[in-house]
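Trainee: I should like to be guided through this structure step by step. May we proceed by question and answer?

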Amino acid sequence: YVIYMGRDKHENEHLIAYGWPEDLWFHVDSHSSAHVYLRLPKGETIDDVPDEIVQECSQLCKANSIEGSKLSHVRMIYTPWANLKKTEGMADGQVGYHSRDAVRHTMVEHRVNAVVNRLNKTKVEMHNDPSELARLRRERDAAEAAEARRTREESKAAVAAEEKAARRERAEEEAAAALARATGTLYSAESLGAARAAALHADAERQIAKAKKKKGERRGGGVADASLVDDLFGDLCLASPGGGGGGGDWLDDDDEEDPFWSSGPSGGSSSAASAAASAGEGFGGPAAVAQTWRDASLGVLGEEVARVEAGRKSAGEMERLTEAAHERKAAAKSRAAEAAAKKAEAEAKAAEAVEAKRRELHGQREQAAEAAASGARAAQARLDADRAAGLAGAALEENEAAQEEELMVLEAVLGEEGFEREEEAAPPAFRLTVAGERARGEPTAVQLRVTFVVEYPSHLPPRLEIVDGVAAEDAPLVRDSLLALFYAQREESAAAGEPAEGVVHRWTEWVKEEWM
């Protein structure tokens with residue numbers, strides 16, 4: 001861990017201004033003391049800090065408190081830096097809290113010199129210049145922003161890869177479906193159920209009956225012309241060795257002892273017919289029938305039946321497909337209705353939020369305008385009074401040196417990218433570019449043009465122009481807020497009897513931390 005501590009109220013103020021979100025702030029409760037900051041490693045929170053580290057920071061606070069060091073029992077407070085609140089009217093080193101619930105307490109019963117001495121041995125004086133603290137904070141923010149951008153880019157790449165894979169999968173499914181629709185569905189022998197076999201059996205019987213009637217034969221008699229069997233079923237029925245007049249033996253479905261064609265004794269059925277009957281389903285099991293149709297020489301009728309059946313879907317399957325299509329359509333309609341409802345709800349909430357923000361901004365505009373106007377009146381009255389009393393001359397002479405000093409600080413803090421002085425401008429004029437991120441992580445920048453006046457910083461603010469980065473309707477709010485900030489700081493300095501200080505660097509902080 002690294003601990004930072006201010007030597008006086010001015011350094012405490014710098015630490016407040018340029019603290020890190022990873023810092024924990026320690027202070028003696030109800031007494032003045034040094035501000036102690038514990039910088040946590042990345043990813044660590046206040047809950048992860050060991051108790052002995054909390055006690056060591058508390059010992060350092062107690063040892064650097066004029067009143068607290070004399071007390072045996074001192075209550076300490078500590079909270080994340082982000083919970084510190086600095087408002088107008090507060091003196092240097094004075095802070096409040098955004099949330100009291102985020103403030104924690106611990107008790108230090110007595111001073112432990114061994115701890116304080118050990119910490120003092122590791123003390124190094126550095127970063128006394130606020131510009132150095134500001135540079136460290138900028139570097140830290142830039143690294144965090146780069147990490148956030150890298151994380152967002154990786155997330156976008158992962159989402160894009162998933163979407164691409166999903167599109168490819170959908171394309172493959174659609175191609176497979178199109179191929180299935182174009183080629184039809186092929187059924188294996190095992191998929192033919194008993195109902196289909198029965199239907200085919202009945203169709204075969206009708207064809208046989210029609211052929212017998214055409215030949216003038218009656219059921220049970222022999223058929224002299226073997227072409228009837230050959231034309232209908234090819235080799236499905238073979239000639240019986242003991243039959244008379246040609247033709248084979250065929251066992252009828254409803255009378256298994258009645259020879260279908262034979263004029264001789266029963267029992268001479270062909271091997272093909274026996275194989276079909278052995279399936280145990282009369283005319284033959286569905287698998288046996290389909291297999292026989294596929295492998296045997298089926299004749300005219302058999303070939304036609306096999307061709308038709310191979311490309312035809314059953315009525316049951318068509319019903320199933322139709323039902324599935326209706327279900328998909330209903331589900332899609334339901335999802336569309338749900339999405340529309342969610343969209344309408346989101347749009348309503350967004351409109352409500354926009355309206356609330358509009359009302360809030362309207363109130364802020366009026367408040368900032370009133371603060372700027374009243375501050376301008378009071379500042380002008382003070383300037384007139386000092387001139388009448390002969391006190392303004394000395395203050396105005398000191399302003400020139402204060403302005404040059406502030407220009408040096410601004411150039412050091414903002415660097416070449418953020419500070420651009422207009423050469424040969426009299427009085428001094430310059431442009432400030434304040435870069436940062438909005439609440440959603442979007443990069444943004446605001447550009448200001450500032451011109452010093454001879455009455456700055458002792459009495460009046462510099463002239464301010466918002467060049468870019470702020471919408472036209474919001475420019476008055478930003479300008480009035482910055483002017484009000486100057487007047488408030490000038491009142492604080494006057495009340496404390498201290499010389500006026502430059503305020504432009506605080507303007508840049510307000511733009512980045514409050515406006516953005």
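The exchange below moves from the whole chain to a sheet, a helix pair and a single residue.

Trainee: How many helices and strands are there in the protein chain?
Mentor: Please note first that this is a predicted model. The protein chain has 516 residues, and 35% of them count as buried. Its secondary structure consists of 13 helices and 13 strands.

Trainee: What share of the contacts with a separation of 6 or more comes from residues 24 or more positions apart?
Mentor: A contact here requires heavy atoms within 4.5 Å. Among the contacts in the chain with a separation of 6 or more, the share from residues 24 or more positions apart is 62%.

Trainee: Which strands are the edge strands of the open sheet in the order S10-S11-S12-S13?
Mentor: That sheet has 4 strands, and their pairing is antiparallel. An edge strand pairs on one side only. This applies to S10 (419–421) and S13 (463–468).

Trainee: Which residue in S13 is the bridge partner of Leu448?
Mentor: Strand S12 covers residues 443–451 and runs antiparallel to S13, with 5 bridges joining them. In S13, the partner of Leu448 is Ile466.

Trainee: Which strands does helix H13 touch as it packs on the sheet?
Mentor: Helix H12 (residues 475–496) also packs on this sheet, touching S12 and S13, and its direction makes about 145° with that of S13. Helix H13 (residues 504–515) makes about 25° with the direction of S11. The strands touched by H13 are S11, S12 and S13.

Trainee: Are H2 and H3 roughly parallel or roughly perpendicular to each other?
Mentor: Helix H2 (residues 51–63) packs against helix H3 (residues 113–121) with axes 9 Å apart and an angle of about 90°. Angles of 65 to 115 degrees count as roughly perpendicular. H2 and H3 are therefore roughly perpendicular.

Trainee: How do the residues of the contact of H2 with H3 divide into nonpolar, polar and charged?
Mentor: From H2, the residues are Glu56, Gln59, Leu60 and Ala63. They meet Val115, Val116, Arg118, Leu119 and Asn120 of H3. The division is 5 nonpolar, 2 polar and 2 charged.

Trainee: Is Thr508 buried or exposed?
Mentor: Thr508 lies in helix H13. Leaving aside residues up to four places away in sequence, Thr508 touches Leu414, Leu432 and Val434. Buried means under 20% relative accessible area. Because its relative accessibility is 10%, Thr508 counts as buried.

How values were computed:
Residues numbered from 1 in each chain as written. Predicted model: local features only at pLDDT ≥ 70, side-chain atom pairs only at ≥ 80, totals over all residues. Heavy atoms only, no water. Helix = DSSP H or I, 4+ residues; strand = E, 2+ residues; numbered from the N terminus. Buried < 20%, exposed > 50% of the residue type's maximum accessible area, 1.4 Å probe, protein only. Pairing = 2+ DSSP bridges. Axes fitted to C-alpha atoms, helices over the stretch in contact; angles between N-to-C directions. Parallel < 35°, antiparallel > 145°, perpendicular 65-115°, else oblique. Nonpolar A, V, L, I, M, F, W, Y, C, P; charged D, E, K, R; others polar.
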